[in-house]
Amino acid sequence: MNVDELRVSAFTIPTEEPESDGTLTWEATTVVVAEATAGDTTGLGFTYGAKACATLIDEKLGGTVVGHDAMDVPGAWSRMVAEVRNLGRPGIASHAIAAVDTALWDLKARLLEMPLFRLLGAVRDEVPVYGSGGFCSYSEQRLADQLGGWVHDQGIPRVKMKIAAGWGEDPGRDIKRVTLAREAIGSGAELMVDANGGYTRKQAVAMARELAPLGVTWFEEPVSSDDLDGLSEIRGLTELEIAAGEYGYDSWYFRRMAPHVDVLQPDVSRCMGITEWLRCAAVAASFNLEVSAHCAQSLHAHPACAVPNLRHLEYFHDHNRVDRILFDGVLEPHGGVLRPDPGRPGMGLELKRADAERYREI
Ligand SMILES: [Mg+2]
């Protein structure tokens, strides 16, 4: 059975309030949705990206996928990758391929009437998550409520917060907020921090020395992810784990980064979808590293079941909120894990068309 049609739409949903991390401020999230149909079955995939992904899917990717065997997802993936060669594959093009690739995997699983994690070959049937948010823009109260809520109300035993805002004006702010977060979650929960590349090497080393006594275990992007030597240098000077990888668009990227970090963070919605994400995890395994899936929890829940060297999945506040607005079937964490529904075919998600309409851009 061949793919008959590929439809694309884009929805932009404002955040509750302007949000920021160490190096970026944002006020909305755009979700580009791809729907691939074969016969009377439709697969749903998406990416969090720019509206330009939708244009690219329409103009370039649709023609390579329609008419292709719906059972042969890596074949369709290879045609998409070949099609964008001269456009520049990292960035927008990789996001766009991710939306279509995830739709094609969902379609295949639905055609076979099985949950996607079974089709991919599951090594587990539930995925450990950590609560992720704690934005630099939050008040101290909101920060404490959010992180404490995940631990005490939802039973998620690990959380991550953003740091590295305003170092120049108030270098003590980050440590004050991390101390507050530790008080809010208690001594038993794991506390991770993400600087989004906001420090210099010297600042990051100084921060690591202050974070360790607060029981922080994970220091994400202490310096820019482009500074691989810097990541290595900081890694050698602290017992905190150094994590990075959210801007990786292909397995080559993770091969280059792997010698410099403790954990890799591939993102299925950026690195060309499930087809390449599984390869990125395999590259990590070849360096004896675990992967932690970066955000996009609704897309990661199934493929994360198929990766032996998975640490956990980032349960990101913004994506949880946006996914619940747009989709039915969004998974709820229980006891610190997401458990894909074995009774629903594919990824188990349905687009809530009527609810989504007011956010439509394309
Ligand atoms: Mg991050």
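Which residue stands opposite Val159 in strand 6? In this predicted model, the partner of Val159 is Leu191. The two residues belong to a parallel pairing, in which five bridges join strand 5 (residues 158-162) to strand 6. Strand 6 spans residues 190-194 and is mostly covered. Four of its five residues are buried. Strand 6 also pairs with strand 7. That pairing is again in the parallel sense, over four bridges. Here Val193 of strand 6 faces a partner in strand 7, Phe219.

Strand 7 covers residues 216-220, and the loop between helix 7 (201-211) and this strand holds Ala212. Ala212 is partly exposed, because 14 other C-beta atoms lie within 10 Å; the buried class would need 20 or more, and the exposed class 12 or fewer. Residues distant in sequence still reach this position. Ala212 touches Thr238, Glu239 and Leu240, with residues up to four places away in sequence not counted. Leu240 is 28 residues from Ala212 along the chain, yet their C-alpha atoms are separated by 6.9 Å.

These elements fall within the second of two domains. The chain is divided into domain 1 (5-113 + 354-359) and domain 2 (118-350). Domain 1 is thus made of two chain segments, 5-113 and 354-359. The C-alpha centres of the two domains lie 23 Å apart. Across the boundary, 37 residues of domain 1 are in contact with 33 residues of domain 2. Several elements build the domain 1 side of this contact. Strand 1, strand 2, strand 3, helix 2, helix 3 and helix 13 (353-356) each supply at least two residues. Helix 3 gives the most, with 11 residues. By class, this side has 17 nonpolar, 11 polar and nine charged residues.

Within domain 1, strand 2 (25-38) and strand 3 (41-48) form a hairpin with two residues between them. Gly39 lies in the turn and has a positive phi of about 60 degrees. The two strands pair in the antiparallel sense over eight bridges. Val32 stands opposite Thr47 of strand 3. Strand 3 is mostly covered, with seven of its eight residues buried.

Helix 1 (residues 52-65) has 14 residues. At 1.5 Å a residue it should span 20 Å, and the 19 Å between its end C-alpha atoms agrees with this. The helix nevertheless bends by about 45 degrees at Asp58. Eight positions are named as buried in helix 1: Cys53, Ala54, Leu56, Ile57, Leu61, Gly62, Thr64 and Val65. Their cover includes strand 1 (5-20), strand 2 and strand 3. Helix 2 (73-83) and helix 3 (92-111) are also part of that cover. Strand 1, strand 2, strand 3, helix 2 and helix 3 therefore appear in two settings: they cover buried residues of helix 1, and they supply residues to the side of domain 1 that touches domain 2. Just after helix 1, Gly67 takes a positive phi of about 95 degrees.

Key:
Residues are numbered from 1 along each chain as its sequence is written. This is a predicted model: local features need pLDDT of at least 70, side-chain atom pairs count only at pLDDT 80 or more; totals for chains, interfaces and linings use all residues. The expected span of a helix is 1.5 Å times one less than its number of residues. The bend at a residue is the angle between axes fitted to the seven residues ending there and the seven starting there. Two residues are in contact if their C-beta atoms, placed from the backbone, lie within 7 Å. Domain bounds come from an automatic or database domain assignment. Ala, Val, Leu, Ile, Met, Phe, Trp, Tyr, Cys and Pro count as nonpolar, Asp, Glu, Lys and Arg as charged, and the others, Gly among them, as polar. Two strands pair if DSSP finds at least two bridges between them.
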